[in-house]
Amino acid sequence: MLRCLVLAFIAFGAHAQTYPDKPLRLVVGFSAGGPTDLPARFIADRLGSALGQRVVVENRPGAAGQIATQDVLAKPRDGYHLLLCTHFEAINAAVYRNVAYKLADLAPITQISRYYYGVIAANDVPAGDWEAFVAYARKNPGKLNYGMLGKGSAQHILALEVGKLAGIEMTGIPYKGGADALNEVIAGRIQVYMSPTLAVIPPYKAGRVRLLAVSSAERLAAAPEIPTLAEKGLPFVRFGWLGVCAGAGAPPAVIAALNRQIGAIVQSPDYREMIERTGSAAVSSTPQELAKVLADTFEQTERVSREFGLQL
């Protein structure tokens, strides 16, 4: 028994010393150009330089991130197949009865950001501010269409909560990725989208959409003129987060090395400037802290899903 343990330890140490000896994959569960894509590519580029191996970003959108998660978990759990994990991992596990993974199947590495949501409207919606939007929606129940990344997604849940608290009724339209839904609002084919601020600040600044309110506790430095939902009488704060995970069973030494390297990127001035410019915050963590974030997100979503009958 002792001999087996010694041999396993030697093999483990050899693996850690040679890692990485081939390119890595960083799989993103949403469309290229969306709010998960920019930080993923930033980190992949810097991580590749730090490790001396390419880190290839692969976008595998669909099923609110489940396709990407299952892709990573189906591959060898050796630290070469990474997931740009999001709060959707916990949301899916809480909402879908038949989800093909458990949170225990993930090996958290580090958180990379926290972001908030902005309520945006198409420019042809006759409402220049939050009060006018609510008044218009109340006069037209069910006629405003909002984008969501499938039933039970963060956008769906947030729209239901906002609708209940504001006394408005809207119709959800599913999309594969946030960039798709955002482009539909810009084109005026749907009227509303509750999107991560990382994606909406640029088109808002360019005058392509209207930003009505944000879900943060305080106004964002990137758009200080925009009120919070809390200011408008909706007593809640909602945020999402991004992180990097591997499949459970990845070597602990590899997880620790990736945590150090990615954490250093997240703490760099260039990353902070990039992420804060879009209304998000750069946040790194230990693997254990990210595991707790996943668990907390699961518990919060499970409560909301029960309230709105979202078990799917």
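Cys245 is buried in this predicted model, its relative accessibility being 0%. Cys85 has a relative accessible area of 0% as well and is likewise buried. A disulfide is a covalent bond between the sulfur atoms of two cysteines. When the whole structure is searched for such bonds, zero disulfides are found.

**The nonpolar core**

The largest nonpolar core comprises 104 residues. Those with the most contacts inside this core are Ile112, Trp130, Phe133, Leu211, Leu258, Ile262 and Tyr271. Strand E4, which spans residues 106-121, supplies the largest share of the core, namely ten residues. Around Ile262 the contacts can be followed in detail: leaving aside residues up to four places away in sequence, Ile262 touches Ile43, Leu47, Ile109, Thr110, Ile112 and Val244.

**Helix H4 and its surroundings**

How many residues of helix H4 (residues 87-95) are buried? Nine of its nine residues are, and the helix is accordingly described as mostly covered. The buried set includes charged and polar side chains, among them His87, Glu89 and Asn92, together with residues such as Phe88, Ile91 and Val95. These buried residues pack against helices H3 (66-74), H6 (154-166) and H11 (287-308), and also against strands E3 (81-86), E4 and E9 (239-247). At the start of H4, a side-chain oxygen of Thr86 comes to within 2.9 Å of the backbone nitrogen of Phe88.

**Salt bridges**

Side chains of opposite charge can pair when their charged atoms come close. The structure contains 14 salt bridges, and three of them are set out below with the N to O distance of each pair.

| Salt bridge | N to O distance |
|---|---|
| Arg41 and Asp37 | 2.9 Å |
| Asp71 and Arg60 | 3.3 Å |
| Glu307 and Lys164 | 2.7 Å |

The pair Arg41 and Asp37 lies within helix H2 (residues 37-51), where the two residues are four places apart, about one turn of the helix. An α-helix has 3.6 residues a turn, so residues three or four places apart point the same way. The two partners differ in their accessibility class, since Arg41 is partly exposed at a relative accessible area of 37%, whereas Asp37 counts as buried at 6%.

The salt bridge between Asp71 and Arg60 has its closest N and O atoms 3.3 Å apart. Asp71 belongs to helix H3 and Arg60 to the loop between strand E2 (55-59) and H3, so this pair ties together parts that are eleven residues apart in sequence. Here Asp71 is the buried partner, with 12% relative accessibility, while Arg60 is partly exposed, with a relative accessible area of 35%. Both residues also take part in a network of salt bridges that links Arg25, Glu58, Arg60, Asp71 and Lys75.

Which helices are joined by the salt bridge of Glu307 and Lys164? The side chains of these two residues meet at 2.7 Å, N to O. Glu307 lies in helix H11 and Lys164 in helix H6, so the pair ties together parts that are 143 residues apart in sequence. Glu307 counts as partly exposed at 42% relative accessibility, and Lys164 is exposed, with a relative accessible area of 54%. Helices H6 and H11 are also among the elements against which the buried residues of H4 pack.

Notes: Residues numbered from 1 in each chain as written. Predicted model: local features only at pLDDT ≥ 70, side-chain atom pairs only at ≥ 80, totals over all residues. Heavy atoms only, no water. Core = buried A, V, L, I, M, F, W, Y, C linked by side-chain atoms within 4.5 Å. Buried < 20%, exposed > 50% of the residue type's maximum accessible area, 1.4 Å probe, protein only. Contact = heavy atoms within 4.5 Å. Polar contact = N/O pair within 3.5 Å; in protein donor to acceptor, adjacent residues only side chain to side chain. Disulfide = S-S within 2.5 Å. Salt bridge = Lys/Arg side-chain N within 4 Å of Asp/Glu carboxyl O.
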